[in-house]
Amino acid sequence: MKPVCNVCNKAFSNQSNLNRHLRSHTNEKPFSCDICNKTFSRRPQLVIHLRRHINDKRYECDICHKTFILRSNLIGHSRTHTKEKPFMCDACNESFSDYSNLKRHLRTHTDEKPHSCDICSKTFSARYNLTVHLRTHTDEKPFICNICSKTFTNVSSLKRHLQTHTDEKSYSCDICNKIFSYESSLKRHLRTHTNEKPYSCDICTKTFSSQYNLTAHLRTHSNEKPYECDICNKAFLRCYDLTRHLRMHTNEKPFICNVCNKAFSRQSTLKRHLWMHTKEKLHSCDICSKTFSHQSSLKRHLRTHTNEKPHSCEICQKSFAYHSSLTKHLRTHMKEKPYTCDICQKPFTYRCLLVIHLRTHTKEKPYACDICPKSYSRSDELTIHLRTHTKEKPYTCNVCQKSFTYRSNLTKHLRTHTNEKPYTCDICQKPFSNRSSLTYHLRTHTKEKPFTCDICQKTFSMRSRFTRHLLTHTKEKPYACDICPKSYSRSFNLTVHLRTHTNEKPYTCDICQKSYFDSSSFTKHLRTHTKEKQYACDICNKTFSQRTYLMRHLRIHTQEKPYICDVCQKPLSDRFSLTLHLRLHTKEKPYACDICPKSYYRSFDLTVHLRTHTNEKPYTCDICQKSYFNRSSLTKHLRTHTKEKQYACDICNKTFSERTYLMRHLRIHTQEKPYTCESCHKTFSQRRYLMAHLRSHTKEKPYACDMYNKSFSGRHTLTIHLRTYKEEKPYTCDICQKAFSWRSRFTRHLRTHTKEKPYACDICPKTYSQSSNLTIHLRTHTNEKPYTCDICQKSFFNRSSLTKHLRIHTKEKQYACDICNKTFFQRTYLMRHLRIHTQEKPYTCDVCQKPLSDRSSLSSHLRLHTKEKPYACDMCKNSYSQSSELTRH
């Protein structure tokens, strides 16, 4: 009688076999390895295990000389050479080279999984799979690569990995000659030719070409995601998906292109990339002969002919040609954005959008134009760009036959016919014809500016403005005119420019019939009729008819000057000012008068100049009926009536009627002299001073007096000269009623009342009421005496002292007293002398109130109080309060 197992009633030939079997129920393992402490239920198992430690591979293959630890392994291996598969499945007739593989296979039919994990209760059809699974809990990876030291949980993974080093691919497809590293990979590949899908889902009857794909698919029904990321806790259906995901965290890119050495995180991406080099397209459409690099691409393409849309949304019943499109569409219902940027945390609905977004951080532009050096981050952008070279406009409006480069532009254009505005702002209810306009509009509410320039950190709410701004740094102008050498940074500007050659003005005003080259100029013109000023300043509530005027105006408040001159680095508030400023360097005056040889920097200046020929003065003062050539002159004139001085100096609170006067005045404080003479390098605070100075080099005196045949280098000098004969003194002091012919003398005079001395010496504490006095004073520190007498070689600090000195040589006394006919060398001497007759003593001592006739007498008198003795003898130590006393000494 055979011994029988009490647990499972299995019978054995002898007691020892029964004892060994019972250990499978009790899980008893009495045999232990001395090296790794692993335990076994049978002694032969221990013996075989010990061979693994000593690497005892005693069984060798006669054909390939591969060695094995077990004879059974050698027998199984030999069948790979003979292609013998003696073990057949009765259910599906599939054959296997060894019995263990058949046993494992049979469990796929019976769904038997006898091996269970004690930790997570997961079940497996094979013990080996359980052993490998347990290592995911213990994190044990006992199989090490000898080349790169990478570790693996199972030997098959190590074998596959080793083939990445050896590049060994011994399995070849008989149909397409593609080679594979593994037989299983070849089997799966052959199903792409036979279209065989032997694995069927019991729930939705969907079929698959591999068991792996079926297992992953079943998880979509059970919503099971067993593979979880340890870093971000994201879960995945397949282990491979987790592996790929982890590369996003580690930034690992193990797949390298052999042609350009570019690295990729996914093998599929590398494959697609390689087709960019080979340009190989093996798959052809039978209907339109279009070729494709992937079989899947051909399948999707065929649906464009059959109009097949097998994937339907259960929520809105919308159908899609591709499953991926349906998956993406479902996210619009669920508001799901599963893809997040690791850098800025921005979420995205689709992976492709994330990939494109990441390029904004990496600045990667993999799609390069073959014609010009331009490159793009997206393939569709390159396709659209190529149309700028080919002039292709494939999208045509059925209403007006207008053609467009982009489909989106056609869609937007059609709404101009239908007047459809389907996009409405939730905040102010303003409707828009396209989504992008709504998006930009919403940023006016949120103040969001997502586009930042890496060079100057300026932010923008619209991508188009950001792109245009970047061209200000690169100076790139890719759009060139075929007729003239002009080029532009925007295609729109080129289109408008071409109309200047054809003289096409498609935009006509219904009110005055005036025509324009572009719609923006036309829109601006219409506002001159409607008087509409829709753009308001938030700070001072001033309104403007154009947005550009508002932007320029805001820079007055912010003091922002974003446009820099490349020649002199001067910052300017707007592009127009920069263009005008550059003409100062290039001396370009593109606007020429047809009547006289004069030319101008600005078209406006030419328009005003032409009025001097026609004597047209369209701007008239309502108060005094005086007329002017331009609006700015009228505005300035009106302030003489209103006494308005709206421009105030932040430093001294002085007010001015015009902004230009304020800017000139500020240079007194900043000592800025931006205008330089190229001949002698002398600098000036005002342009007119430079122009007058240049005439001192050219000896040009274009301004002539009609009454006395005298010529002058400057218009201002002629005006003052005429006042001396007309005895005209338009500048009157409100305090003492004294009148002056010259504004400069009037300004200097006012400082005698205010005691203002705005010009300070940097070396000593002295201050002056006039800048010329400060200049002369500074020479006392540097001992510079640029004016020398040709007769006696005596030098002087200033020109007036030299002029006075020369009269000593010439004995010329041109200033005569009207009362006693006494003559004097200098005008100041005459003025002092006249006070003897008039008994006038305008200078009063602040200490003792003594009146004095002249400033020098007052200075000498004050030294009696201060005990100051500035005149020292070079020979002895004596010093004196008066220069005359030093001379006598």
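These are my notebook entries on selected helices, loops, contacts and one cavity in this structure.

**Ground rules**

I worked on a predicted model, so I kept to its limits: local features need pLDDT of at least 70, side-chain atom pairs count only at pLDDT 80 or more, and totals for chains, interfaces and linings use all residues. Residues are numbered from 1 along each chain as its sequence is written, and side-chain values use heavy atoms, with hydrogens and water left out.

**Entry: helix 12**

I began with helix 12, residues 323-334. Helices here are DSSP runs of H or I with at least four residues, strands are E runs of at least two, and both are numbered from the N terminus. Helix 12 has 12 residues and reaches 17 Å from its first C-alpha to its last. That is close to the 16 Å expected at 1.5 Å a residue. The expected span is 1.5 Å times one less than the number of residues.

I then looked up burial. Buried means under 20% relative accessible area, exposed means over 50%, and partly exposed lies in between (1.4 Å probe, protein chains only). Leu326, His329 and Arg331 are buried in helix 12. Their cover includes strand 21 (311-312), strand 22 (319-320) and strand 23 (339-340). Contact, here and below, means heavy atoms within 4.5 Å. Just after the helix, Lys335 takes a positive phi of about 55°.

**Entry: helix 22**

Next I checked helix 22, residues 603-614. Its 12 residues should span 16 Å at 1.5 Å a residue, and its end C-alpha atoms are 17 Å apart, which agrees. In helix 22 I found Leu606, Val608, His609 and Arg611 buried. Strand 41 (591-592), strand 42 (599-600) and strand 43 (619-620) are among the elements that cover these residues. Asn615, just after helix 22, has a positive phi of about 60°.

**Entry: positive phi in loops**

I looked up two asparagines. Asn177 has a positive phi of about 65° although it is not a glycine. Asn177 sits in the loop between strand 11 (171-172) and strand 12 (179-180). At a relative accessible area of 58%, Asn177 is exposed.

Asn195 also has a positive phi, near 60°, and is not a glycine. Its loop runs between helix 7 (183-194) and strand 13 (199-200). Asn195 counts as exposed at 53% relative accessibility.

**Entry: Ile175**

Ile175 lies in the loop between strand 11 and strand 12. Is Ile175 buried or exposed? Ile175 counts as exposed, at 54% relative accessibility. Leaving out residues up to four places away in sequence, Ile175 touches Leu190 and His193. I also took one long distance: Ile175 and Lys475 are 300 residues apart in sequence and 56 Å apart in space, C-alpha to C-alpha.

**Entry: the nonpolar core**

Which residues make up the largest nonpolar core? I list Ile668, Tyr759, Cys761, Cys764, Tyr768 and Leu774, 6 residues in all. Such a core is a set of buried Ala, Val, Leu, Ile, Met, Phe, Trp, Tyr and Cys residues joined through side-chain atoms within 4.5 Å. In soluble globular proteins, nonpolar side chains tend to be buried together.

I followed Tyr768 outward. Beyond four places in sequence, Tyr768 touches Lys757, Pro758, Tyr759, Asn773, Leu774 and His777. His777 lies in helix 28 (residues 771-782). His777 is buried, with a relative accessible area of 9%. By the same sequence cut, His777 touches Cys761, Cys764, Lys766 and Tyr768.

**Entry: the cavity**

I searched the whole structure and found 1 cavity of 30 Å³ or more. A cavity is a set of points on a 1 Å grid over the protein atoms alone where a 1.4 Å probe fits but cannot get out; lining residues have an atom within 4 Å of a point. Points are joined across faces, edges and corners, and the volume is the space filled by probe spheres set on them. The largest cavity has a volume of about 30 Å³. Lys654, His665, Ile668, Arg751, Glu756 and Pro758 line it. The lining divides into 2 nonpolar, 1 polar and 3 charged residues. For that split, Ala, Val, Leu, Ile, Met, Phe, Trp, Tyr, Cys and Pro count as nonpolar, Asp, Glu, Lys and Arg as charged, and the others, Gly among them, as polar.

Key. On a 1 Å grid over the protein atoms alone, a cavity is a set of points where a 1.4 Å probe fits but cannot get out, and a pocket is an open set with protein on both sides within 12 Å along at least five of seven lines; lining residues have an atom within 4 Å of a point.
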